[in-house]
Structures are given as structure tokens and as C-alpha cells.
Amino acid sequence: MSRDRAGHSPRRLLSLARTALRRLGPGGHHRFALATGAVTVLSVAANGCVVVHGEREVVPAATRGEAARALDDFTTAYNKADRANDRSLDADRVTGALGAIDGAKLRAGRRNNPGGNPGYSPLELGDARFAIPAKAGWPRWFVADTSANKGLAGSRWLLVFTRGSANDVWRVSYLTVLAGADVPKFQQDKDGWALPVTADDAALAVGPAELSQAYATYLKSGGETFAPGIHTSQWRALRGKNASKPGLARQYVDEPLTSGDYAPVGLRTADGGALVFFATQRYEKQTAARGTGLPAQSADVKALTTGDVKQSLTLGFVSNQAALDPAKGGQDQRVTVLGRVEGLTAAKGG
């Protein structure tokens, strides 16, 4: 049987705790919680030893009811902001990659249409399925897999909700749109909660924390880390084709985004791998040959452009990806990028 650092046995610890609470008098339990700033729960395990819980306790990130309310709150705020072209109306419901993409879109819309979005139609999300992991500590997060009234028929919208403490509201940090058949089946524990993967998970072909840098490196140099597909080999081929068109040169720089709400998150899939959400940023510099001009820019690009556009224009994008990261040791160790959503966040003339 274990003892604490002072040598007290579990029985003695529980006796001391009861005595301390009795001395607090009526309402003492509540005052004790406020005074300490956190409640340490002592429970007697099956072997009779004391187990200390708190920030290390593994609990579901949210109840299913809380997850459904978070989805409703996000949809309501998103529609208000989209209708008014007003970033402030959903600023507390988006963060990370989606926050950067959504915020830039609304800033451009506001500049071009200050009275509101003339093409507004409300987003409707339905048939929600929630993958809620049980984990310890903060931040906590979960995935909402929904249908939508926008995009391709039969597609599913996967939204990652996150919050950094119990006092925060749920915000969406990642959004990926997948064909219904591409949404993997997630592993669950005995109580039906999803299983999260850690940033340095050694059971995966590529640790989630490494995926952002690996993707940026792949887009520059190629390699075997990622399986061929529209967001990998085909994306590289298209960029190569556009890099040196007559009269216009394009240069690409890709960088990882991994800190704060840009940190990767993942869920264990039924095959032992994981679906991982991660973010990157890229810059595309367009330079026109002397005597020629740059291609005409859209109103949204112009709204986000600073400086005078003379011979060059540098575009900045934030992109979020959802990828299947296989279990280490399998026959195919390549990561498959299932979806990519990106948006222009800044532009600078030169």
C-alpha cells in the first residue's frame, strides 16, 4: 500500500481530509474549493491505495450535449458574421487555422461590401456525429462530423472544436471537407469515447507534431513521406507547371504552423493509425517580366493587399489538412492527405 511523502497511510489521509472538512463548517466544501483554486479528488482504488486525480484525470472532453450546443453556437455566430461581413460577430467561435482563414475572408468582404454580404445564404449543418476523446489536462477538443447544405452533395464537414480551459468557450480551429466514404472509422474505448493520439505518438509512421514540417518539406522537395494524390503529388505538379509561365514567374515558400491553436490533433482510427489535423502557411510570389503586367487580381485579393503592386505580388495563405497517418510497421508507411482547406490571409505589392 502506498503512502504520501509524510508517511501517512491512505486510511490516515482520508481521516485527515474528513476532519479538515468538518472544521470548515456549513458550506465549507464550497469555500475550500474556492480557496485552493482546484479540487483534488481522493478515491480508493480496488487495491486499497489512494489515487490522486485532477488535471491528470482522464475524462471526456465534453458531453455529447455540450458538443451539440457548441456546434449550434458556432453555426449561429458564423452565419451572423457572414451575413454582416463582421469579424467581431464570430471572433469568439473560431481560432487557429480556421480563424485566420475566416477572419481574412470577412475583412475582405467588409472592405468590398461594408453594408453586408450580398450573396449571403445561411450555413446549415446537420446529421452531426461527434468523436469526443477522453483525455487528461488541457487543451481539450473534439470532432464534429456533419452534413452541410454547401459544397458537393454527400460531402461531410469535419470541424475540430477546442478550448484551453473550463472558462473558455468552444471554438473551431480546423475545418476539413471530405467525401463521406473518406471519413475513417474511429476507435472507441469501452464507454464509447474516442482515443486521442499524442503529438509524439511512437506508434504512428510520422509523429503528429512532425507532420506540418514534413508536408512543407514535401511540397518543396518531394519524397516518399506522403502518398500520391490531389493534395500531394498533383499539387506539386500544378505548382511546378505554374512556376515559369512566359512573362510571369512564381516562387513558393511553405512553412509549418504548430503552436497554440495551430497545434496538430488526432484521433486513433480503427485500423490502428490516426486521422490527424495539422496546419501550414505558404507564400506565393508572382513576379512579372519587364514590360508586362501581373494578372488581374480579384476584389478580395485587392482588399487584402498592402503596398503598391508594380512588378510583384506576394500572397500569403493559411492551409489546414486532414491526413491518415498509418500505424508504424505496416506495409505502406506513407501519409495520405484526405482534405485541404486554405484561404488567402494577406498580400503585399512590390
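Strand β12 contributes the most to the lining of the largest cavity, giving 3 residues, in what is a predicted model. The structure holds 1 cavity of 30 Å³ or more, and the space in the largest cavity comes to about 40 Å³. Its lining consists of Y215, L219, W235, D254, T280, Q281, R282, S319, Q321, R340 and E342; the elements that supply two or more of these residues are α5 (208-221), β12 (274-288), β14 (312-325) and β15 (336-349). By character, the lining residues divide into 3 nonpolar, 4 polar and 4 charged.

Turning to β12 itself, the strand is mostly covered, with 12 of its 15 residues buried. Its pairings with other strands are set out below.

| Partner of β12 | Sense | Bridges | A facing pair |
|---|---|---|---|
| β10 (residues 248-257) | antiparallel | 10 bridges | D254 and R282 |
| β11 (residues 265-268) | antiparallel | 4 bridges | V265 and F277 |
| β14 | antiparallel | 14 bridges | D325 and A274 |

The pairing with β10 leads back to the cavity, for D254 stands opposite R282 in β12, and both D254 and R282 are among the residues that line the largest cavity. In the pairing with β14, A274 has D325 as its bridge partner, while β14 is itself one of the elements that give two or more residues to the cavity lining. With β11, the strand forms a hairpin that has 5 residues between the strands, and there G272 takes a positive phi near 95°; within this antiparallel pair, V265 stands opposite F277 in β12.

Methods: Residues numbered from 1 in each chain as written. Predicted model: local features only at pLDDT ≥ 70, side-chain atom pairs only at ≥ 80, totals over all residues. Heavy atoms only, no water. 1 Å grid on protein atoms, 1.4 Å probe; cavity = no way out; pocket = protein on both sides within 12 Å on 5 of 7 lines; lining within 4 Å. Points joined across faces, edges and corners; volume = space filled by probe spheres on them. Nonpolar A, V, L, I, M, F, W, Y, C, P; charged D, E, K, R; others polar. Buried < 20%, exposed > 50% of the residue type's maximum accessible area, 1.4 Å probe, protein only. Pairing = 2+ DSSP bridges.
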